[in-house]
Amino acid sequence: MLQIRHPCGLVHHADGCVVKLQIANAHRMTSHQRLQNRGLMVSMATVRVDLESQGWSRQRGTLEDLRRAASFDGLVSTANGTSSNERVLIPYEAAKAPRRSLSAVYGLEKQPLHSDGAHLRIPPDIVVLHSAAPTPTSTVVWTPAPRGDDALPAAARDGIFTVRGNGESFLAVARDRDGLRFDPVVMSPGDAFAREAVAYLDAARPRSEVHLWDEPDLLLFIDNRRALHARDKVVDAETRTISRVVYRWGDKP
Ligand SMILES: O=C(O)CCC(=O)C(=O)O
Ligand SMILES: [Fe+2]
């Protein structure tokens, strides 16, 4: 049986897909609690409750806290041979931005609501944004389900989009049984329903929750299949640095 001792003192047993946590000893338990009391230990149990109820969760923590919490809780990195699951996002002017990115179209202006990895056949389940330092450029999150008046229109299930993927194109809807997929830069509406879905999601942006990066070491967990997100207009282009880490649920059937 694989056994990993993590720096915070928890012993991690991985037995097939069953992951059990065990407190190593009383002394280490104390340091674990100390971290939690300082707000620098991410509780994935709390994150899961938040994601379930509102589609996002704000936590204090470093990237190292995130990696540790994710490995304990069965979040699986989406990294593969060619790409990492972690990226540093810096603001780009449109002319200098990577092709097919939101920045190539919107530059430093506010982004439209979108999900990440919409160009992938299987987009990530969870997107986590982290900022080590406060930044005045906020991120907004919009979750259709919690509010009765924000249930998605049928057009989001019916409208067909052409998705420009990696070396291929495919058809998709904005809302299928696995959840949301929407990015107006890589998805072109192909019919009137899809155009209605775009207009609806565009109009939803002002109803989003505003996430302020007003403390150091904040983590914003987003359920990428239930909620859409977007960066606001950049007001600190020289200094804003956000890390993005993407996962899929390890226990998803
Ligand atoms: O920087 C942010 O606040 C979010 C950026 C984002 O969502 C993206 O680039 O996909
Ligand atoms: Fe994004």
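## Strands β9 and β10

Strand β9, covering residues 161–164, runs antiparallel to β10, and four bridges join the pair. If you want a spot to start looking in this predicted model, try R164, which sits opposite S169 of β10.

These two strands belong to an open, three-stranded sheet, ordered β10-β9-β13 and paired in the antiparallel sense. At its edges you will find β10 (169–172) and β13 (187–189), each of which pairs on one side only. On average, neighbouring strands in this sheet are turned by 30° against each other, with direction ignored.

## The sheet around β8

Now for another open sheet of three strands: here the order is β14-β8-β16, and the pairing is again antiparallel. Because β14 and β16 stand at the edges with a single partner strand each, one side of each has no neighbour in the sheet. The average turn between neighbouring strands is 25° in this sheet, again ignoring direction.

How does β8 meet its partners? On one pairing, β8 (residues 135–142) and β14 (residues 209–213) are antiparallel and share four bridges; within it, T139 faces H211 of β14. On the other, β8 pairs with β16 (residues 228–231), also antiparallel and also over four bridges. There, V140 has A230 of β16 as its bridge partner.

As background for reading both sheets, strands pair through backbone hydrogen bonds, in either a parallel or an antiparallel arrangement. In a regular strand, side chains alternate between the two faces of the sheet.

## The surroundings of ligand 1

Which residues surround ligand 1? The shell is made up of L89, L102, D116, L129, T139, H229, R231 and I242. Sorted by class, four of these residues are nonpolar, two are polar and two are charged.

Some of these names will be familiar from the sheet described above. T139, one of the residues around ligand 1, is also the residue of β8 that stands opposite H211 in β14. H229 and R231 are likewise among the surrounding residues, and β16 spans residues 228–231. When you open the structure, T139 is therefore a handy place to begin, with β14 and β16 at the edges of its sheet.

Key:
Residues are numbered from 1 along each chain as its sequence is written. Chains are lettered from A and ligands numbered from 1 in the order in which they are written. This is a predicted model: local features need pLDDT of at least 70, side-chain atom pairs count only at pLDDT 80 or more; totals for chains, interfaces and linings use all residues. A residue is near a molecule or strand if its C-beta atom, placed from the backbone, lies within 6 Å of it. Ala, Val, Leu, Ile, Met, Phe, Trp, Tyr, Cys and Pro count as nonpolar, Asp, Glu, Lys and Arg as charged, and the others, Gly among them, as polar. Two strands pair if DSSP finds at least two bridges between them. Axes are lines fitted to C-alpha atoms, for helices over the stretch in contact, and angles run from 0 to 180 degrees between N-to-C directions.
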